[in-house]
Amino acid sequence: MSMALSLAACSGSSQTGATTAAAGGDTAKTEAASADTGANTSEGSGKTVGVAMPTQSSERWINDGANMKKLLEEKGYKVELQYAEDDVQTQVSQIENLIASGVDCLVVASIDSTALVNTLSAAKEKGIPVIAYDRLLMDTDAVSYYATFDNKGVGTAIGKYIEEKKELKKAKEDGKSYTIEFFMGSPDDNNALFLYNGVMEVLQPYLDDGTLVCKTGRTSFEDTCILRWSQETAQQWCENYLSGYYADEKLDIACSAFDGFAYGIRSALEGAGYVVGEDWPMITGQDAELMAVKNIISGHQTMSIYKDTRLLAGKCVTMVQAVLEGAEPEINDTEQYNNGKLVVPSYLCQPVAVDLDNYQKEIIDGGYYTKEELGVQ
């Protein structure tokens, strides 16, 4: 059965409204990072840190920005926090304005880092240190450090979850197969390729031997990446896949690199008549957003990668403090992240796969979300 895909790979509209951050629980969500960065503030430092975040349309970036601002202010810094709503030129202008205003340090989570090369060069000329936050700044020697999660490790965790929960090694021995489709991250986000490589390091052998069957044939990064991590594009792709390739056979696994994709996939599945508890496929995700964890509890999403933004913000704040005080920050990787100009010294936080079996321990007991926020007893 064939299908004319109306969407080119790696194309799509800007992501809109994956979720809205919960207003409550801010104190609980920043306690761990506060402890990590220490209780004492740098009184009267008078220095200003510019924080450039990509968008407020995803809950995780709202939390990242709030955590960064809180922790930096606890250290005695002034903070200029900007969100660019996934508009590249807006972020360029915001960073230019932060430089012109005389900030002492820049923390940048880029939308498209290639568009920031000239702007970051201006920061370097003015002696403003730049720290890349969660997304590597490419093709520039202006970046000093990089704080992120182990992005290949995120992909590996997703791949291993699928391998273990679907018992792919046993399935291979028994001659059993599962259908799978891939929804990978934005091509202008360097993390997305790391994640894809981690996924495929685990799953490619099963695609090669037929244990996993991708009926669309779309398995390369170029064919599966979704620009700006668009939920709408993921939904449209899934709708097209289901109608064009899965009318007579069910989809078993939706390998999704982002919770927002999982929301779109859920909508497509519901539209195609799939029912939780009957023929609902395994759906993966990343970020453990509030809605995603609720969907895990209800059975509409199988798992997500929990990335404690409190920890990441805390590590980044220690980097800011170190560079502003002329010290060396803690790093644990000096090999993986070559941005085309230099290998950027990095600190990699470790991700955790969460599902119905461990969300209580990891999410609730860890103070990330409360039972009230999740609507559980």
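# Two sheets and their helices

Glu167 lies in the loop between helix 5 and helix 6 (168–174), where helices (H or I, at least four residues) and strands (E, at least two) are DSSP runs numbered from the N terminus. Glu167 is not a glycine, yet its phi is positive, at about 50°. A second case is Asp287, also a residue other than glycine, whose phi is positive and near 115°; Asp287 belongs to the loop between strand 9 (282–283) and helix 11 (290–298). Most residues other than glycine have a negative phi.

The model is a predicted one, in which local features need pLDDT of at least 70 and side-chain atom pairs count only at pLDDT 80 or more, while totals for chains, interfaces and linings use all residues. Residues are numbered from 1 along each chain as its sequence is written, and side-chain values use heavy atoms, with hydrogens and water left out.

## The sheet of six strands

Six strands form an open sheet in the order 2-1-3-4-5-11, and their pairing is parallel; two strands pair if DSSP finds at least two bridges between them. Strand 2 and strand 11 (346–349) are at the edges with a single partner strand each, so one side of each has no neighbour in the sheet. From one strand to the next, the twist averages 15°. Helix 3 (residues 88–100) packs on this sheet and touches strand 1, strand 2 and strand 3, and its direction makes about 180° with that of strand 1. Contact here means heavy atoms within 4.5 Å, and angles run from 0 to 180 degrees between N-to-C directions of axes, which are lines fitted to C-alpha atoms, for helices over the stretch in contact.

Together, strand 1, helix 2 (residues 59–74) and strand 2 build a right-handed β-α-β unit, a crossover being right-handed if, with the strands pointing away from the viewer, the path from the first strand over the helix to the second runs clockwise. Within the strand pairs, Val51 stands opposite Leu81 in strand 2, and Leu106 faces Val130 in strand 4.

| First strand | Second strand | Bridges and sense |
|---|---|---|
| Strand 1 (residues 48–53) | Strand 2 (residues 78–83) | six bridges, parallel |
| Strand 3 (residues 105–108) | Strand 4 (residues 130–133) | three bridges, parallel |
| Strand 6 (residues 178–183) | Strand 7 | two bridges, parallel |

## The sheet of four strands

Another open sheet has four strands in the order 7-6-8-9, again with parallel pairing. Its edge strands, strand 7 (212–213) and strand 9, each pair on one side only. Thr179 stands opposite Val213 in strand 7. Helix 10 lies across strand 6, strand 8 (253–256) and strand 9, and runs at about 155° to strand 8.

## Two helix pairs

Helix 5 (residues 151–165) packs against helix 7 (residues 190–208) at an angle of about 30°, with the axes 6 Å apart, and the two helices are therefore roughly parallel to each other, since angles under 35 degrees count as such. Their crossing is right-handed, which applies if the near helix is turned clockwise from the far one by less than a right angle. The contact includes Val154 and Ile158 of helix 5 and Phe194 and Leu195 of helix 7. Its residues divide into nine nonpolar, six polar and four charged, where Ala, Val, Leu, Ile, Met, Phe, Trp, Tyr, Cys and Pro count as nonpolar, Asp, Glu, Lys and Arg as charged, and the others, Gly among them, as polar.

The axes of helix 9 (residues 231–245) and helix 10 (residues 259–271) come within 7 Å and cross at roughly 35°, in a right-handed crossing. Among the residues that make this contact are Cys238 and Leu242 of helix 9 and Phe261 and Ile265 of helix 10. The residues of the contact of helix 9 with helix 10 divide into eight nonpolar, five polar and one charged.

Methods: Angles under 35 degrees count as roughly parallel, over 145 as roughly antiparallel, 65 to 115 as roughly perpendicular and the rest as oblique.
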